[in-house]
Amino acid sequence: MSAGLRGRTAVVGVAESDLGEVGPGLTPLDLAAQAAHAALAEAGLTTREVDGLFTASSDYPAAALDTAEYLGVRPRYLDGSVVGGSSFVSHLLHAAGAIEAGLCEVALITYGSTQRSAAGRLVARTRLTPYEAPYRPRFPVTMYALAASRHMHEFGTTREQLADVAVAARQWARLNPKAFLRGPLTRADVLASRPVSSPLTVRDCCLVTDGGGAVVLTSAERARDLPQRPAYLLGVGEATTHQTISQMPDLTTTAAALSGPRAFAAAGLTPAEVDVVQLYDAFTINTVLLLEDLGFCAKGEGGAFVADGRIAPGGALPVNTSGGGLSYCHPGMFGIFLIIEAVRQIRGECGDRQQPGVEVALAHGNGGVLSSQVTALFGSEATLSA
């Protein structure tokens, strides 16, 4: 994202659909539409004004067409690109560029999944490469377990430190009435939970839930005339280094080391200026890797950084204040919910988990097996003149 796009667009509406386990009577499109209508309503807009549509799905190969038909919209700009769970953070960049180029005026980003009710497990398009399939990995947990094992070997990261990521997420979720899991969780609980792929246990892994989300983006000029306090898009960076885990150049360094600096450069900010951080925590190792690669701590220091409540409520850095994919929700692709929480923190709408004086929020999406990394920075009105 060029620095010339800094603050030129803003999020003016966000919403979730029904979350958790919605039952067999609803489809992914139902949930995407629930969220879309709610986000548009809070923005003071209707589907008639949507002329840019952005979506991704594991259920519909032509998701943009299915969604447009279901919503009854006739967009002049359509984007159904899929880069895994980070797709919707990537769509922010595409939508901002389209708005700035005059290709659309009101961009709707939306998503829905009923993976818990329909399948009870992760639904993914990815097929194992023939070079990895003979080893019978469990997609995607085996791939993330490899990264966790390597980080532990190379830097001395401990199982206790990874467990503290899950504990922190649960502590945030206990402050979020919409979170799927809100019961107490201790480090000992995480370590004693069912092993899934060594060294990860079930509590190191994201939830399997239903859910949908939506984000409405428009020009900064138009945003100022709409009901909600705008959350301005300050910078987005996108990067990838591989698709399959066997081709990842370094299991301890993700492409967030590239996307993060790009986003910060576009926004004219540094990690020290970020008030809240929303990271794609599909697995506990993600949080450790991404905090390092985005510059919140040095490489190899992520384990110590997340330990002993540092990223939990009351800690030095608020991370995944919704409860994240580990405790709040995870309907297959989690990226859109990162945006929703970041925007709400800037608007001061998060109730018991609201952080004081949030002016800058980061949302970072991860797709595939640490494959796609997309970083977005949002700011309040005050950040535009900073």
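The paragraphs below follow the salt bridges of this structure, which is a predicted model.

Side chains of opposite charge can pair when their charged atoms come close. A search of the whole structure finds 17 salt bridges, and a few of them are followed here one at a time. In one of these pairs, Arg8 meets Glu100, with the closest N and O atoms 3.1 Å apart. Because Arg8 sits in the segment before strand E1 (9-16) while Glu100 belongs to helix H3 (residues 87-100), this pair ties together parts that are 92 residues apart in sequence. Arg8 is partly exposed at 44% relative accessibility, and Glu100, at 36%, counts as partly exposed too.

Another salt bridge stays inside a single helix: Glu154 and Arg150 both lie in helix H5 (residues 141-155), four residues apart, which is about one turn of the helix. Their side chains meet with an N to O distance of 3.2 Å. Glu154 has a relative accessible area of 38% and is therefore partly exposed, and Arg150, with 36%, is partly exposed as well.

A further pair joins Arg187 to Asp308, whose closest N and O atoms are 3.4 Å apart. Since Arg187 lies in helix H7 (residues 187-192) and Asp308 in the loop between helix H11 (302-306) and helix H12 (324-327), the pair ties together parts that are 121 residues apart in sequence. How exposed are these two partners? Arg187 is partly exposed, with a relative accessible area of 32%, whereas Asp308, at 68% relative accessibility, counts as exposed. Salt bridges can also share partners, and in this way Glu16, Lys178 and Arg344 are joined into one network.

Key
Residues numbered from 1 in each chain as written. Predicted model: local features only at pLDDT ≥ 70, side-chain atom pairs only at ≥ 80, totals over all residues. Heavy atoms only, no water. Salt bridge = Lys/Arg side-chain N within 4 Å of Asp/Glu carboxyl O. Helix = DSSP H or I, 4+ residues; strand = E, 2+ residues; numbered from the N terminus. Buried < 20%, exposed > 50% of the residue type's maximum accessible area, 1.4 Å probe, protein only.
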